[in-house]
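Biologist: I have not looked at this chain before, and I would like to understand how its descriptions are justified. Could you show it to me before we begin?

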Amino acid sequence: MNMPSKSYPVTDSSAEHLPETKDPALKLRARKTLLWFRQPGALLSLPALFIFVAGFIGPLGLVVIYSFMPERSFAFNQLPTLENFVTIFQEGYYISYAWSVWLALVSTLILIVICWPVAYGLSRIFRRSMILTLLLVLPLFVSENVRLFGWVLTLLNHGILDGTTRTLFGWELPDMLYNAPVTVLGMVYVYLPFMLFPMSLGISMVPDACREAAFDMGATRWQVFKEVELPLAMPGIMIGCLLSFVLVLGSISEAKILGGQSIIMISHDIETAFTYAQNWPLGSALSTLLILLTAVLVIGLLSRLNLDNLLSRK
């Protein structure tokens, strides 16, 4: 006599640890989360995640919290207040923000104009010229302040440039230091590699077949640049613009050394608030607004940038 077979439900071992719930979507989400934490990759990433939170997210969170503390306080056991943000607008700190954004915008536009022909030459003509690439990278191994003081010695009254023109031609050059144009010059000089190499990457990913096809169809050199090269190289250009703009926005040495503090950038106000003024909440409020400004810029650009296509395009 054949006994009727019993069917037993197949259960997943991970389901034993799931909380009791009647919502199938919530139960499925909890199951996926538990399975993700059981993967070896997730466990191995926990130390790096801890370092990221403790070394990056944590300090930023402390700065944001401190920005709501009363003026010149050094503890978190105070009632939150918005007086630091009110002080920023009452005492004219927004002028420093405006100068920082304006100089970052001007420097980025100048870098685009300068770096495009150089990046085009590196990508299309001198593809394997390691010497030229090395010459462009070598300044990064020298301190930024040392390079800027080199410009001071060059542009200083009775300096290298002025002394040379006096000796050879008898010309007396005007004082070229401590103004906005020379500050922009220093920013363009310091941050040129951060625009050049992403732009070179974008140009190198433009297929030769696209150029040849455009020329075969009767396109002019300007049309090829506008319709083929520029759109396809735009991801690299946007990355270079993002890096350059953000770095210039938070720069301080160029305005101090070359500008002679004729222009006060927001980074200088933050440094003053944290050091000489000993007003940490105000410095935190200034930093928080700068972080928000940078975050809006980064998120806005990255939302239009397809990094998968940039990294996988042949």
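Biologist: Which residues touch the most other members of the largest nonpolar core?

Modeller: This is a predicted model, and in it the largest nonpolar core holds 47 residues, of which Ile 88, Trp 116, Met 199, Ile 203 and Leu 286 touch the most other members. Several helices each supply at least two residues of this core, among them α4, α5, α7, α9 and α11, while the largest share, 10 residues, comes from α9.

Biologist: What is Ile 203 in contact with, leaving aside its neighbours within four places in sequence?

Modeller: With those neighbours left aside, Ile 203 is in contact with Trp 116, Ala 119, Tyr 120, Ser 123, Arg 124, Arg 211 and Ala 233, where contact means heavy atoms within 4.5 Å.

Biologist: Why is α5 called oblique to α11?

Modeller: Helix α5, residues 94–125, and helix α11, residues 221–249, pack at an angle of about 135°, with their axes 9 Å apart. Angles of 65 to 115 degrees count as roughly perpendicular and those over 145 as roughly antiparallel, and because 135° belongs to neither range, α5 is oblique to α11. The crossing of these two helices is right-handed.

Biologist: What makes up the contact of α5 with α11, by kind of residue?

Modeller: The residues of that contact divide into 16 nonpolar, 4 polar and 2 charged; Trp 116 and Tyr 120 are among those in α5, and Ala 233 and Phe 245 are among those in α11.

Biologist: How many helices and strands does the chain have?

Modeller: The chain has 15 helices and 0 strands, and buried residues make up 32% of its 314 residues.

Key
Residues are numbered from 1 along each chain as its sequence is written. This is a predicted model: local features need pLDDT of at least 70, side-chain atom pairs count only at pLDDT 80 or more; totals for chains, interfaces and linings use all residues. Side-chain values use heavy atoms; hydrogens and water are left out. Axes are lines fitted to C-alpha atoms, for helices over the stretch in contact, and angles run from 0 to 180 degrees between N-to-C directions. Helices (H or I, at least four residues) and strands (E, at least two) are DSSP runs, numbered from the N terminus. Angles under 35 degrees count as roughly parallel, over 145 as roughly antiparallel, 65 to 115 as roughly perpendicular and the rest as oblique. A crossing is left-handed if the near helix is turned anticlockwise from the far one by less than a right angle, and right-handed if clockwise. Ala, Val, Leu, Ile, Met, Phe, Trp, Tyr, Cys and Pro count as nonpolar, Asp, Glu, Lys and Arg as charged, and the others, Gly among them, as polar. A nonpolar core is a set of buried Ala, Val, Leu, Ile, Met, Phe, Trp, Tyr and Cys residues joined through side-chain atoms within 4.5 Å. Buried means under 20% relative accessible area, exposed over 50%, partly exposed in between (1.4 Å probe, protein chains only).
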